[in-house]
Amino acid sequence: MEVGDWDYALQYVSSPVYQGTKAARFEIREDQPLIKDGKRAEVVIVKGSEGDIGKNTWYSFAAFFPTDYEYDDAREAINQWYQDGSPSTSIRIQRDRIILEAGTTSGNIVEHDLGAVPKGKWTDFVFHFIHSTGSDGLIEVWLNGAKVKTITGGNMYNDVLPKWKVGIYKSAFKYGTSDVTKRVLYYDNIRVGNEKATLEEMRAGSSAGTTATTEPTTDATTGTTTGTTTGTTTGTTTTGTTTTGTTTTTSGTQQVVSYTLVNATTDKDIMTITEGATISMSAVGTSKFNIRANTNPGTVGVVKFDLTGAATKSRLDDVVPYALFGDDRNGDYYNWSGVVGSYTLTATPFAGNKDKVGAATGPAYTVKFNIAK
């Protein structure tokens with residue numbers, strides 16, 4: 001996550017909500033400290049470098065712009081498909097317009113106007129990408145189920161597939177060139193789909209265009225995101241909507257039996273993560289982690305991970321070791337920098353592979369744990 005540790009940066013609130021019981025509230029301020037050399041509050045949903053997405057990928061989310069979202073000549077980014085130091089494609093807000101920018105180098109970015117910013121109501125956004133540097137590239141855009149734009153041609157740099165970030169980033173806040181001093185934006189129903197996904201699946205749970213019945217009120221709860229979809233939709237399988245504290249039973253014979261915390265620097269096991277465990281980064285001597293799901297039998301079709309709490313992650317892994325944050329398939333675990341807070345981790349075995357997920361073959365295994373300094 002690229003979010004500060006101050007209270008207002010990222011909260012989970014009970015109003016306004018698109019579906020379920022919680023939505024994510026992002027806020028940035030002109031006077032806040034820098035995060036990665038900018039004024040931002042963003043969450044990375046998927047990373048192309050870790051195999052989370054393919055060339056043909058769908059993305060969707062619902063956004064709520066408050067009625068007091070002020071006009072500003074200076075733009076901000078609310079979505080970034082980020083590569084090599086800058087976004088090859090992004091969604092910007094400027095002068096009360098929604099602008100999609102895309103190109104194959106930082107010097108040939110083209111702007112596409114998607115319409116006026118809808119304020120005081122939820123709007124669902126769906127994007128279908130063929131990520132490419134060439135003429136086969138494609139971006140299709142739907143707002144509230146209506147197609148508003150088809151863009152052909154290159155839409156990414158000559159690099160690995162992008163990572164997708166949602167939230168708010170405003171460079172003008174760093175340089176004092178904005179007419180506003182803060183931005184607030186709400187997100188819900190964030191989804192990612194592979195080439196088998198459909199528009200209907202990406203809009204599942206849609207209540208687009210409805211006006212919030214109350215003004216947004218901040219909920220003090222900043223823990224799990226139950227009810228806020230922040231996972232992935234792969235083909236016809238929706239992930240990331242696990243209800244905390246429940247176990248889904250199946251008639252299958254495969255199961256996730258435990259989780260192991262791994263030191264991602266040394267690739268050595270640290271501990272088994274049990275219910276209610278507290279992981280002290282100072283005690284274990286590192287903040288660079290990964291988490292492995294251990295299964296019975298040792299090899300299953302595919303494991304679906306959903307992590308919610310102080311940080312979120314959803315991932316499918318179909319090769320041993322089944323690692324929440326991925327690995328290079330040669331024993332080197334990719335690292336995640338631990339974020340202090342409370343978490344809920346659920347993993348479920350499925351038939352098939354991550355490109356074609358079948359039916360669940362065993363129960364969901366859920367553990368709650370904490371990370372401390």
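This is a short tour of a predicted model, with stops at its nonpolar cores, two buried polar or charged residues and the largest pocket.

**Stop 1: the cores**

Start by selecting Tyr59, Phe65, Leu100, Phe127 and Trp164. Within the largest nonpolar core, which has 42 residues, these touch the most other members. Now centre the view on Phe127 and show what surrounds it. Skipping neighbours within four places in sequence, Phe127 is in contact with Thr57, Trp58, Tyr59 and Phe61, and also with Trp81, Ile91, Leu100, Glu140 and Val141. Two of those names, Tyr59 and Leu100, were in your opening selection.

Next, pick Ile273, Ala293, Phe325 and Tyr343. They are among the 25 residues of a second core, separate from the one you just left.

**Stop 2: Glu27**

Jump to strand E2, residues 23-29, and select Glu27 inside it. Is Glu27 buried or exposed? Its relative accessibility is 2%, so Glu27 counts as buried, the cut-off being under 20%. Switch on side chains and look for Arg25: a polar contact of 2.8 Å links its side chain to that of Glu27.

Then widen the selection. Leaving out residues up to four places away in sequence, Glu27 touches Tyr8, Ala9, Gln32, Ala41 and Ile168, plus Lys182, Arg183 and Val184.

**Stop 3: Asn263**

Move along to strand E16, residues 255-263, and pick Asn263. Asn263 has a relative accessible area of 11%, so this residue is buried too. Which backbone atom does the side chain of Asn263 reach? Draw a distance to the backbone nitrogen of Thr266 and you should get 3.2 Å.

While you're here, add Thr286. Asn263 and Thr286 sit 23 residues apart in sequence, yet their C-alpha atoms are 7.1 Å apart in space. Thr286 is also one of the contacts of Asn263 beyond four places in sequence, together with Lys268, Ile270 and Lys288.

**Stop 4: the largest pocket**

Finish at the largest pocket, which holds about 940 Å³ of space. To find its centre, select Met1, Val3, Ala310, Ala311 and Val339, the closest to that point among the 35 lining residues.

Colour the lining by class and you'll see 17 nonpolar, nine polar and nine charged residues. Then bring up the strands: E1 (10-13), E3 (40-47), E20 (302-309), E23 (336-337) and E24 (341-353) each give the lining at least two residues. Which strand supplies the largest share? That's E3, with five residues.

Conventions:
Residues are numbered from 1 along each chain as its sequence is written. This is a predicted model: local features need pLDDT of at least 70, side-chain atom pairs count only at pLDDT 80 or more; totals for chains, interfaces and linings use all residues. Side-chain values use heavy atoms; hydrogens and water are left out. A nonpolar core is a set of buried Ala, Val, Leu, Ile, Met, Phe, Trp, Tyr and Cys residues joined through side-chain atoms within 4.5 Å. Buried means under 20% relative accessible area, exposed over 50%, partly exposed in between (1.4 Å probe, protein chains only). Contact means heavy atoms within 4.5 Å. Helices (H or I, at least four residues) and strands (E, at least two) are DSSP runs, numbered from the N terminus. A polar contact is a pair of N or O atoms within 3.5 Å; within protein, one must be able to donate a hydrogen and the other to accept it, and residues adjacent in sequence count only if both atoms are side-chain atoms. On a 1 Å grid over the protein atoms alone, a cavity is a set of points where a 1.4 Å probe fits but cannot get out, and a pocket is an open set with protein on both sides within 12 Å along at least five of seven lines; lining residues have an atom within 4 Å of a point. Grid points are joined across faces, edges and corners, and a volume is the space filled by probe spheres set on the points. Ala, Val, Leu, Ile, Met, Phe, Trp, Tyr, Cys and Pro count as nonpolar, Asp, Glu, Lys and Arg as charged, and the others, Gly among them, as polar.
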